[in-house]
Amino acid sequence: MTESLLKVEGLKKYFPVLKGLLRRQVGSVKAVDGLSFELGKQETVSLVGESGCGKTTAGRSILRLIEPNEGRVLFRGQNLPSLDQNELRAARRHMQIVFQDPYSSLNPRQTVGQMIAEPLILHGIMNKNDAEEKAKDLLVRVGLQATYNTRYPHEFSGGQRQRIGIARAVALNPDFIVCDEAVSALDVSIQAQIINLLLDLKDEFGLSYLFIAHDLSVVRHISDNIVVMYLGQIAEKAPSNALFERPSHPYTQALLSAVPHADPRRKKNRVILPGDVPSPINPPSGCRFHTRCPLAQKRCEIEEPIAYTVGQNHEVTCHLYEESSEPIDITKGNGATR
């Protein structure tokens, strides 16, 4: 890994569950429960997993758009959860977010030019006239026309709105951008265009991305490293190529088996996981995946697994790898082999 830009250590975010007239807390939704990873300069780390696994909550907790309960988030050497409001405001110039919904993430009362220019003016980087010219340049850079700066969001398609959101995110020339399901609401052809745009901007501006997605076929083309989450915890993390070439956690293998292929003649063994994702209010004891894992043992129900190293920068949180680093193939059924 290159020099670290972002280091997340033991990040936790619990949402209180309140009941009764007095709104007493009777439990907690454990959305993120001990997340740890690193992001190097000009690298992309992808957070993947099913809906509800805590990906978006993790991204917003890192930026302190919501306040984490525990953990450290070291960004450029500063622990973000410990910063006061003035320090956080200064730090936020260097980190931005592209939201999932290109429709609700833009202010309908502002023109496109005003939205892109606004952060430049608020941070005192440019005066109004210079900021508006910069906004035109950024619109061109993301594949739109400079004359669009006087239009309003409702005049654009979903793909165009996401380009506007990206232009707004890079306006301050940040070091780090969270892409929160930035392509999931778009058509497949538009997804490819946005991914290519993000890759071009990464090279041009020296950006680092935390790319949040549930589609592994998308993250393969943009990621340097991938973190697979399940019920708020890490199941597996590895370099992108290693994860696709030798997925090791049973959950990762199940996710990859669901990725469609363009060739209908290509045979693949689809892994159908039994049951539903358990509630994060009362997650299973031991390994959180054991209620759906075809290889679960009695130990999995009681003892929480630790992360085992199975390759270079490749870690799997599974008891099956305590004695061997050879991947287990669950696509062959319950009689899985190494």
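Two strands are taken to pair if DSSP finds at least two bridges between them, strands being DSSP runs (E, at least two residues) and helices likewise (H or I, at least four), numbered from the N terminus. The model examined here is predicted: local features need pLDDT of at least 70 and side-chain atom pairs count only at pLDDT 80 or more, whereas totals for chains, interfaces and linings use all residues. Residues are numbered from 1 along each chain as its sequence is written, and side-chain values use heavy atoms, with hydrogens and water left out.

Strand β6 (residues 95-98) pairs with strand β7 (residues 176-180) in the parallel sense over four bridges, and M95 stands opposite F176 in β7. From β6, M95 and I97 point one way and Q96 and V98 the other, all being buried (under 20% relative accessible area, with exposed over 50% and partly exposed in between; 1.4 Å probe, protein chains only).

An open sheet of four strands, with antiparallel pairing, has the order β2-β1-β4-β5. Because β2 (24-40) and β5 (78-79) stand at the edges with a single partner strand each, one side of each is left without a neighbour in the sheet. The antiparallel pairing of β4 (residues 70-75) with β5 extends over two bridges, and N79 in β5 is the bridge partner of L74.

The largest nonpolar core (buried Ala, Val, Leu, Ile, Met, Phe, Trp, Tyr and Cys residues joined through side-chain atoms within 4.5 Å) has 69 residues, and F211 and L216 have the most contacts inside it. Another core, of 29 residues, lies apart from it and includes L5, V45, C53 and V178. Leaving aside neighbours within four places in sequence, F211 is in contact (heavy atoms within 4.5 Å) with residues including T44, C179, I195 and I222.

Empty space was examined on a 1 Å grid over the protein atoms alone, a pocket being an open set of points with protein on both sides within 12 Å along at least five of seven lines, a cavity a set where a 1.4 Å probe fits but cannot get out, and lining residues those with an atom within 4 Å of a point. The second largest pocket has a volume of about 520 Å³, and L65, R92, M95, Q96 and H123 are the closest to its centre of the 16 lining residues. Helix α3 provides the largest share of this lining, four residues. The largest cavity has a volume of about 100 Å³; of its 13 lining residues, C287, C293, C300, C318 and L320 are the closest to the centre.

Definitions and conventions: Points joined across faces, edges and corners; volume = space filled by probe spheres on them.
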